[in-house]
Structure formats: C-alpha cells, structure tokens
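Please walk through this structure with the coordinates open beside you. We go from sheets to helix pairs, then to a metal site and some backbone details.

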Amino acid sequence: MIISTGTASGKSLAYLTPAVTSCLDGGTVLYLTPTKALAADQLRGLRELRITQLRAACFDGDTPFEERTWVRQHANYVLTNPDMLHRSILPRHAQWSSFFRRLRMVVVDECHGYRGVFGSHVAQILRRLRRVCARYGSQPVFLLASATASEPGAFAMRLTGLEMAEVTSDGSPKGATTIALWEPPLTELRGERGAPVRRTATAEAADLLTDLVLAKVRTLAFVRSRRGAETVALTARAKLADVAFSLAGTPIGGSSSTAFAPAGGNPGALPLSGGHAIPPGRDISPLPSAPHPGSPDHDVPMASRDHRPSLSSPTQDTHPAFSTPPPSDQGTAPPGADQGTLSWGASVPVSVPESESVPVSESVSESVSESVPVSVSESESADWADLPDRIAAYRAGYLAEDRRLLEKALRSGSIMGLATTNALELGVDVSGLDAVLIAGWPGTRASLWQQAGRAGRDGQEALAVLIARDDPLDTYLVHHPQALFGQPVEAIVLDPDNPYVLGPHLCAAAAEIPLTDADLPVFGPTTPNVLDDLVTEGLLRKRPAGWFWTRRERATDLADIRGGGGAPIQVVESATGRLLGSVDEPSAHTTVHTGAVYLHQGETYLVELLDLEAGVALVGGAEPDYTTFARDVTEISVLASLRSHDLGPGSLHFGEVEVTRQVVSYLKRRLQSGEMLGDEPLDLPPRTLRTRAVWWTLPASEVATLAEEGFDLGGAAHAAEHAAIGLLPLFATCDRWDIGGVSTELHADTGLLTVFVYDGHEGGAGFAERGYARATDWLTATREAIASCECERGCPSCIQSPKCGNGNEPLDKRGAIHLLDTLLRSASAAS
Ligand SMILES: [Zn+2]
Ligand SMILES: [Zn+2]
C-alpha cells in the first residue's frame, strides 16, 4: 500500500500503528528512509512511545560494530537506508535469518526521494529483498509513504514490483495558507543577444523578507545556496537598518553579526542572545507594515525596490560609521502609548511631543489593519534598532545543539526572519512561523508543499510566496496556478529495467542466493537478455542449477547506487585534501569543469582544476559573485524507435538513441542581477551516451507552410526544444540538468524537422518515457510558457537556455509558438 498525502497529514501514525502492532505480535519490521538523519528522528519518536516489547534500533554506517550483533539478533524494529540494505544486510542475510523469518512489514518512508537513476537502483534492491524474504519463508507487507504525486500507485508498483493499493485523500485539519505567486519584473539590464534580464528571485526575496519582518510576520526564506541565503539575510538586514535610520533620523545600526553561527564556530556571533536584549516591561505599540506593492503613494519610508543599499562589502556592517547604542531604560517613548504611535524604545532619543513624534503614524496604523494580520505579544516587543539583528541565515551541517538554539530563538521571536537553504528539511522543528518565501521553484510540488507547510502556527492562517526565477518552468507556474492547485501532474519517475542498473543488481542477487529461472520475473522482462550479457562478460557463470557469482570481489561494489554509473570523479578540497563527494564522469563535464561554481550542501566552491585522467576535481571554498552554466553542443542518432504514434500532422517517438555531447564553454552570470559576465571556452573531450529519448517530427509540407509565413524554422525548433526541456520537470520528477535536447530543421535519421529530448543518464532514467506518455500536456504547457512571457523576442524566462552550446542562436519565439500550435491544434482535433 502507498499513502500519498501532504506534509503533516499523519502518514507516520498511519504506518506506525500496524508496524508496532506487528512487533507486539512477535513479528519484525524493516523501516527504510533515504537519510540517516530521518532514521535518527524516527528512532527518537519510537523510543518516546515507551513500549518495552518494541526493540527499535538504527542500523547504518554510524552503528558501532559491537552494537550490530545485538541489532541483528534482538531488534524487532530496524531502521536503515537502501545503501545499508544493499551493501550489508542483503549480502549477509544468513546473519539476519531470525529477523527475516519473522519480517511482517517493510516501511518505505519518504519514498518520493527514490526517483531517476537512484530510484531505479532502490527498485532493484527491494526486489532482492523480496527474494531473500521468500528464502526465509516470509512475505512482508510493503507500506510506502510519499508526498503527493500523480499516479502514486503506478510509481509504487514500479518501485516494489508489487500490486499496490493507494491512499490519497487527506482529511487532516489545517489552517488556510494563502499562496502568492510572484513574478519579478524585467529590468533595464540586457543579457545574451540583448535579451531583457528579470530581477533575481533572491533580490525580491530580500525585499519581501524585509517587509514581512517590519510587519512582525515571522518569516522563513528558502534560497538555493547558502551564499544566496546569506545574501538575502544581509540585504534584508541592511534594508531594515536603513528603515530604522530614516525613521529615526538618527544613526542606529545593526551589529556586525551576519549569520546564525554554529557553537563550534564563533559563538560570539550568535545574534540570539547578544547585547540587544529587550528591556523588560517595554511597552509594545502597533507595528509598521510593509507598503502594499500596488500603492506607490504609501509614504512610509520602507524598503522599496528603488531603495537598495549597496552590498559592496557584504561581510561588513552596512553602516560601519554607526554604532548601536546600548539598550537602556532611559527611552522617552511612554509606556502604554496609544494605538497609532510608534514606540522607539531606548536607543532613539525622541524629543518631540508624542502626537507629532512620527509623522507616518496614521498610515502605519492603517496599513497594519489592512494588510498583514499582526499578533504581537509582550515577548515579541522589539526596538526598531534591533530589527536588523532579528534576521539570520542558516545552513546545513549545524550540530544538534545549534539547531535547538535556533528553534528556541524562532519560537521566542528573538529571530523574526530566517534565510536558509533547504537544510531545514532535515532535522529542525520550526513550528510557529507565519510566512514562507520560496526563491525559485524548488523542483517538485512535494518540495513546494513541504516548504510552504512550514508556515502556520496552531492552525492559524499563513502565507507562502513562490518567487519565480528566470526560467520557463517558473514562468509557466506563476502564470498557470492551476498547475499547482489542480490534480498533480508530476509523477515520480524511475526505470528499473535500465540494463546499466539491472546488471549489477543481478550479480549482487546471484551472490546472495544463486539465481534460478523462477527468479527471473521478479527482476523484470529484460532480465534474460541482461543475464546473457553478464555471462558473456564473465561476471556470472551459468550452470544447470542457475546463475552463480564465482568471482572473488564483492558483487555489490558493481553498483554505485547514488551515482550515475561510470568511474566517478572525486571532488576534493585542495587546501585540506577533504573529499567532498563524487560526481559521475559524464556529469563532471557539466558540474565540476575548471572554473565552475560548485555547490555542495549549500556551500559554494570554485573548481580550480578538473583532471579527468586522475579522476579528480580540485575545489576551493570561494564566494564568487556569479554562477556558472556549462554549455554543450550535442549530436544525436536514433538507434531504435520503440514506440510511436501520430501527433497532429507529425509523429511522436520514444526510443533508444546515441548522444555525443561536448562541453565547449561556460557562461558566467552575476548572482544578484542575473547579468551575463561572459562565456569562457573549455577544452573537454566529447562524451558518448546510450540513452532513451522522446522526439517529434513534422512533415515537409507543414514545414514549408511555416517557412512561407517567414518563420525561421531552425530557430523555432530550437526555441521549442529549450522550453520543452524546461517544462518536462513539471511532469517527471527530474530537473532540467537531468535531461538534454537536440533540435534540427532536418535530421539525418528522420529526414524531417525533429526535436529530441533525452535522458542525460546512461541507459535512461524514465524521464523521456514520461514525456512520451504525457506529450500533449507537456507540449501544451511548453507553448503556454513561451506565450506567457512578456518579452519581445525571447529571454531566459522563456526560450533562452543558460546551457545552450550554440549561444542561444538561432531562436525564433513567435515561430516556436506557431510550430507547437501546428503540432497541437491538429493533435487536439484528431483526438
Ligand atoms: Zn521571455
Ligand atoms: Zn540551444
């Protein structure tokens, strides 16, 4: 069974009840989660139940050796991850025989994380698990928990190989959340080919964070990188300092602490318990609110778009000349001030009569009542001068005690605004927020709702704002709310039949228990062919009793379940020799080429050197003010069309292709403004990839008609390809870097105008297949994304792609709309 419902809808309770019951009945339970951190959280929850018969334990890379024997022999609720199952539990199944014999239930939690190539590996690991259970005579129930997705039952069946019942209705009570979709304006800046540049999502996020904190709305801003999160926090702090300054007419400023720092680092920088304690008993008065975006006549001198402080030296105090006066009880703002009067607190000398003290008081109190509902308690009272210190940045990797400290600060209100990477998805409980800002589409609806779900305390109403980045998917979403609020269209996609995934797991399975003919259906329809190949390669030996692993090395080493196959490139910090991670070789060309800005757990690094021969990328911590995008040129040839059907006057295909890709340069774009800083050439060898693709063609007659109307057909196909790559993630849980495309006015293999979109992983990952299955919806959304962008001739929000190896040339925006209309008008007429 799969339960696919929203965040905090009670999924844990739904699987815990039968799971714990199984343990009380003498059975055992295996709980799988993608990360160790989640398993640790679950274990804490289980122990809090205080049921003596429940012997729960984690079994992962951190479990001490002496504990492992106890877990195998005595635990009846084992929490682990797919990696551990693959490398340790399944190969040593004999040591787990009493556990497997009594296994009643397998809980697969957060299973929406099992997508693409990683998901395909997990699917095969679960098949191996089923076979081992059968060996010990058990047939456990598989209970899966997932975020909302399209067709969860079909996904669960692909993941487990079992028939699945689905539970999708969510009856949990929730306060209403207002979701705002926010599109930043086009600016006067010009990018590639003179295209207009949209204001960045991070710049807009900083404005909104400032406004919300001024309105005393506790706000969390999600930003992709740690550097981006810090920039948002710094910008908002500077704006708040400016606001306080202009309202006070007297120098005040924030402290120089810039981020929530871990205790192990620099505890002195913690803005949580610094010297800005609020004097006890200080009265609180109505708080100013953000100006309405649509009321330019609002006269509160708040952060506004044209009021941007310079951030030339972001680690410095933005007003180094100002000092923060120490809080004292000598303030002139009277306790018990009437509504409509601002209380300055101690640090601002106010010498005018109360009624005139703040000229904006009227409009302030109005805007409070009109706009954001503000609830202020005594404990939240703050001085204007303190406001900058109430914004912090947070990132992954903090110790548990730092996280608890942060939770406390958020709950008490000593932090009102927090900018973070998605690190919060792991292990911090930040209940009690009023608003969430999401800078850029977080990739999936599951992530969006997870992040938006952070807002709303005690069933109160909440606000979530999705701020669009300049890419076609974000553009489409802010113009088409029904794609977010209607039935989910994004499915969790994987391809367990990928031979590059299946082969290593067949070897591992044979090493566990020799494979017999009876096992073949468990591993899918392509198994006989893949087995033949493995025998030819000398990896497996065929005997009358079945297929055997007879080699000395460990079969499980053949499968790199978190990687994309191929010898990985190690990413090493040059100063310390620390291994940060690994990237599979084809991806290395695009993500860790020399000069690339590399993000690792929200931290920013600059790649000093990519040495393909040594299999190493040397990186150094850096704070560049730009991002990089690798650009490649691609050729594609069709090996086999596996499925096809008519699409309007053209036809649609899904099949096997060979892609030759060469990264030729990289684009640098300024982080804050999105401006183009240049295109740097790279010297990397071409890579060949056998994978799967979806492609469509148009017959020559239709093409001739469009040409007569004056459209540049190459440019039109190219523009449609870029936008289609941008929109596929709406239907398949991939991101635009997992897929690639090729378009041509005349392709050698089809003899026609053809647009290809292919999976960027060896053997395919299921993304192109999903595009084939949902082609009409996908191409309709592509057409809409192009048409909804207000630019004249194309920009990064619609048809320009930052990874285009041809420098976004040629592109024909109107031509692309007509091309897609031709394909789709007839398609809908025909169906
Ligand atoms: Zn545009
Ligand atoms: Zn291109």
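In which sense do strand 12 and strand 13 pair, and over how many bridges? The two strands pair in the parallel sense, over four bridges, with strand 13 covering residues 417-420. Keep in mind that this is a predicted model. One residue pair fixes the register: Tyr394 stands opposite Thr420 in strand 13.

Now widen the view to the whole sheet. Six strands form an open sheet, and their order is 8-15-14-11-13-12. The pairing is parallel. Strand 8 (177-182) and strand 12 (391-394) are the edge strands, and each pairs on one side only. Neighbouring strands of this sheet are turned by 15 degrees against each other on average, direction ignored.

Helices pack on this sheet. Helix 9, residues 226-248, lies across strand 12 and strand 13. Its direction runs at about 175 degrees to strand 12. Helix 12 (residues 445-452) packs on the sheet too, where it touches strand 8, strand 11 (219-222), strand 14 (435-439) and strand 15 (462-467). The direction of helix 12 makes about 145 degrees with that of strand 14.

Helix 9 also has a helical partner. Two packed helices are described by the angle between their axes and the distance between the axes. For helix 8 (residues 201-214) and helix 9, the axes come within 8 Å and cross at roughly 45 degrees. Helix 8 is therefore oblique to helix 9. The crossing is right-handed. On the helix 8 side, the contact is made by Thr202, Ala205, Ala206, Asp207, Leu209, Thr210, Val213 and Leu214. Helix 9 answers with Val232, Thr235, Ala236, Lys239, Leu240 and Val243. By class, the residues of this contact divide into nine nonpolar, three polar and two charged.

Next comes another sheet. Seven strands form an open sheet in the order 3-4-2-5-6-1-7, and the pairing is parallel. Strand 3 (56-58) and strand 7 (166-167) stand at the edges, each with a single partner strand, so one side of each is left without a neighbour in the sheet. Strand 1 (residues 2-4) pairs with strand 6 (residues 141-146) in the parallel sense over three bridges. Within that pairing, the bridge partner of Ile2 is Leu144 in strand 6. Helix 2 (residues 36-48) lies across strand 2 (28-32), strand 3 and strand 4 (77-80). It runs at about 165 degrees to strand 3.

Follow the chain from helix 2 towards strand 3. Arg50 lies in the loop between the two. Its phi is positive, about 50 degrees, although Arg50 is not a glycine. Most residues other than glycine have a negative phi, and most peptide bonds are trans.

A further helix pair links distant stretches of numbering. Helix 6 (residues 116-135) and helix 15 (residues 499-512) pack at an angle of about 20 degrees, with their axes 10 Å apart. Helix 6 is therefore roughly parallel to helix 15. Helix 6 passes helix 15 in a right-handed crossing. The helix 6 residues that meet helix 15 include His121, Gln124, Arg128 and Arg131. Among their counterparts in helix 15 are His505, Ala508, Ala509 and Glu512. This contact divides into eight nonpolar, four polar and three charged residues.

Which protein atoms are the donors of the zinc ion (ligand 2)? They are His718 (NE2), His722 (NE2) and Cys804 (SG), lying 2.0 to 2.3 Å from the ion. Their spacing in sequence is H-x3-H-x81-C. His718 lies in helix 19 (residues 713-727) and Cys804 in the loop between helix 21 (775-788) and helix 22 (813-830), so the pair ties together parts that are 86 residues apart in sequence.

Helix 19 and helix 21 also pack together, at an angle of about 110 degrees and with axes 9 Å apart. The two are therefore roughly perpendicular to each other. The crossing of helix 19 past helix 21 is right-handed. Ala719, Ala720, Ala723, Ala724 and Leu727 of helix 19 make the contact with Trp778, Ala781, Thr782, Ala785 and Ile786 of helix 21. By class, that contact has nine nonpolar, one polar and no charged residues.

End in the loop between helix 21 and helix 22, where Pro810 lies. A cis peptide bond joins Glu809 and Pro810, with omega at about -10 degrees.

Methods:
Residues numbered from 1 in each chain as written. Chains lettered and ligands numbered in written order. Predicted model: local features only at pLDDT ≥ 70, side-chain atom pairs only at ≥ 80, totals over all residues. Heavy atoms only, no water. Pairing = 2+ DSSP bridges. Axes fitted to C-alpha atoms, helices over the stretch in contact; angles between N-to-C directions. Contact = heavy atoms within 4.5 Å. Parallel < 35°, antiparallel > 145°, perpendicular 65-115°, else oblique. Left-handed = near helix turned anticlockwise from the far one by under 90°. Nonpolar A, V, L, I, M, F, W, Y, C, P; charged D, E, K, R; others polar. Donors = N, O, S within 2.8 Å, 3.2 Å for Na, K, Ca; no water.
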